[in-house]
Amino acid sequence: MVEFKMPSLGADMKAGTLIEWRVGEGDYVEKGDVIAEVETEKGAIEIEVFEEGQVTKLISKPGESLPVGTVMAVIGSGVDSEAEAISKRDRETVVAADGVKTEHKGNGYKTAETEDIPKRRVRSSPLARRLAEEYGIDISEVQGSGPNQAVQKADVERVYRERMKEREEAKKEADKDREEEKYAEKAAPAGQQVDEKKDSMRHAIAAAMSRSNREIPHYYLQKQINFERAQQWLIEENKRRSVQDRLLQPVLLVKAVAQALTDVPALNGFWINDRYQPGESIHIGFAISLRTGGLVIPAIHDADLKSIDEIMQSMKDLSDRARTGKLRSSELTDATITITNLGDRGVDLVHGVIYPPQLALVGFGRVEERPWAENGMLGIKPILTTTLAADHRATDGRQGAQFLEKLNQYLQEVELL
Amino acid sequence: MNESEIRQVVVGIFSKIAPEIDYDEIDAEEDLRDEIDIDSMDFLNFIVALNEKIGIDIPEKDYGKLVSLNDILEYVKANAPAKPV
């Protein structure tokens, strides 16, 4: 049996509002199924489940705002045993080690998931019984430590202390939230939903970028890439294609970055708990600005394994869903590097800010005709200025330089991508 | 298709991409990408939708002719197939 919790969709997320359940109690779910839709600063997100089993209980109600880590539902695995439940829960706690606090109420008293089980007969000392009554604690929920698991005074007191502590933490959390709401109200005129949402997204971006600037010692490298061959290839390719199948330039950039990362994997992954954690796959976060302000960075999964056409499909799909607010939770959490392409907006080059806990951000400016000397000849070529912002704790300039050179090589032979 | 029908289709597509814009208010002679703030993905979506709606197949080399809203309306008028598909 596992608890399904409000996931953290980035270091900057504090809470989400349940819009609707996509499953009912009794339904079977598999890994990757969408279980709920949740409203966040990043828009409406489809939340996937990472276990399989039967949904035994839906705890949260649509409309509720739930802090990250709140138990929203209980999912039972067909062959349920207490030992399995505990080992699964432990595993979950480890997985969530990226700064997301998960509560593990292993001992002391039972959690909501066992509410439906009839109350057991309890052995207890009279003093413990009286104390429990005084504290308003159901004695059947207390695990006894005396002979024959009899509940003793100390057991009741332990549960009482735990509950008080929890209550205090919940209060602190609530106070903090109220503080933040006040801040948000001050910053934006009340009553305008769009403004509020925009403001909370601004707030979330501010938190992530401040953390990046505070914690990550960035180093920057830049390289001018002759884009003539890539551009020619794209023009020829699109001439042959129907309108529906045409490719956009960023597709080549995403693919070339993914390929270059297979050669220089040191830039692909995370910096967590003071150490480098390599990304298991290459998931490229692609920054998409929203018309209402702010941006989202959904991931193009396994970009090194996808063909150019598959990447184009992913980008179209992500860009559509980013704007209509139907991204999936995994897409917002597992990017191993970020690309930002501001060429469309006319800038020459980008000095990026890394999205923590990632290790690097690749920036692209616009392709522009420039004088270009090659083999002793001066000509005019379309030039793309590419930049790399990387975490100096994890890599050094040498790896950064290798990466940009590999990227250049792949863009010189896009037909092989 | 007459001019007003073309305008209705073109503005209809852009209204889906950039819904908050009042298309009677924008400067129809200025660069539309700046006027309504769209990127290359939005523009490609427009070209695809236009193809689906009226069957016009705009080659990439002609994108350069489609700068302002008026450019687009004129281009479609001159190149639209006789009958809508």
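Student: How is the sheet containing strand 1 of chain A ordered, and which strands are its edges?

Tutor: Start with the terms: helices (H or I, at least four residues) and strands (E, at least two) are DSSP runs numbered from the N terminus, and two strands pair if DSSP finds at least two bridges between them. Here, four strands of chain A form an open sheet in the order 1-8-6-3, with antiparallel pairing. Its edge strands are strand 1 (2–5) and strand 3 (28–29) of chain A, each of which pairs on one side only. This is a predicted model, in which local features need pLDDT of at least 70 and side-chain atom pairs count only at pLDDT 80 or more, while totals for chains, interfaces and linings use all residues. Residues are numbered from 1 along each chain as its sequence is written, with chains lettered from A and ligands numbered from 1 in the order in which they are written.

Student: How many bridges join strand 6 of chain A to strand 8 of chain A?

Tutor: Four bridges link strand 6 (residues 53–58) to strand 8 (residues 71–76) of chain A, and the two run antiparallel. To find the register, look at Gln54(A), which stands opposite Gly76(A) in strand 8 of chain A.

Student: Which strands pair with strand 2 of chain A?

Tutor: Strand 2 (residues 15–21) of chain A pairs in the antiparallel sense with strand 7 (residues 65–67) of chain A over three bridges; Gly16(A) has Leu66(A) as its bridge partner there. Strand 2 of chain A also pairs, again antiparallel, with strand 4 (residues 34–40) of chain A over four bridges, where Leu18(A) is partnered by Val38(A).

Student: What should I look at in the hairpin of strand 10 and strand 11 of chain A?

Tutor: Look at the pairing, then the turn. Strand 10 (residues 269–272) and strand 11 (residues 275–278) of chain A run antiparallel and are joined by four bridges, with Phe270(A) partnered by Gln277(A). Two residues lie between the strands, and Asn273(A) takes a positive phi near 50 degrees.

Student: Which residues have the most contacts inside the largest nonpolar core?

Tutor: In soluble globular proteins, nonpolar side chains tend to be buried together. A residue is buried if 20 or more other C-beta atoms lie within 10 Å of its own, exposed if 12 or fewer, and partly exposed in between, with C-beta atoms placed from the backbone. A nonpolar core is a set of buried Ala, Val, Leu, Ile, Met, Phe, Trp, Tyr and Cys residues joined through C-beta atoms within 7 Å. The largest one here has 94 residues, and those with the most contacts inside it are Val254(A), Val257(A), Ile284(A), Phe286(A), Ile300(A), Ala360(A) and Leu411(A). Helix 6 (residues 249–263) of chain A gives the largest share, nine residues. Apart from this core lies another, of eight residues, including Val142(A) and Val159(A).

Student: What does helix 7 of chain A span, and what comes just after the helix?

Tutor: The expected span of a helix is 1.5 Å times one less than its number of residues. Helix 7 (residues 308–324) of chain A has 17 residues and reaches 24 Å from its first C-alpha to its last, close to the 24 Å expected. Its buried residues include Ile311(A), Leu318(A) and Arg321(A). Just after helix 7 of chain A, Gly325(A) takes a positive phi of about 75 degrees.

Student: How many helices and strands are there in chain B?

Tutor: Chain B has four helices and zero strands, and 15% of its 85 residues count as buried.
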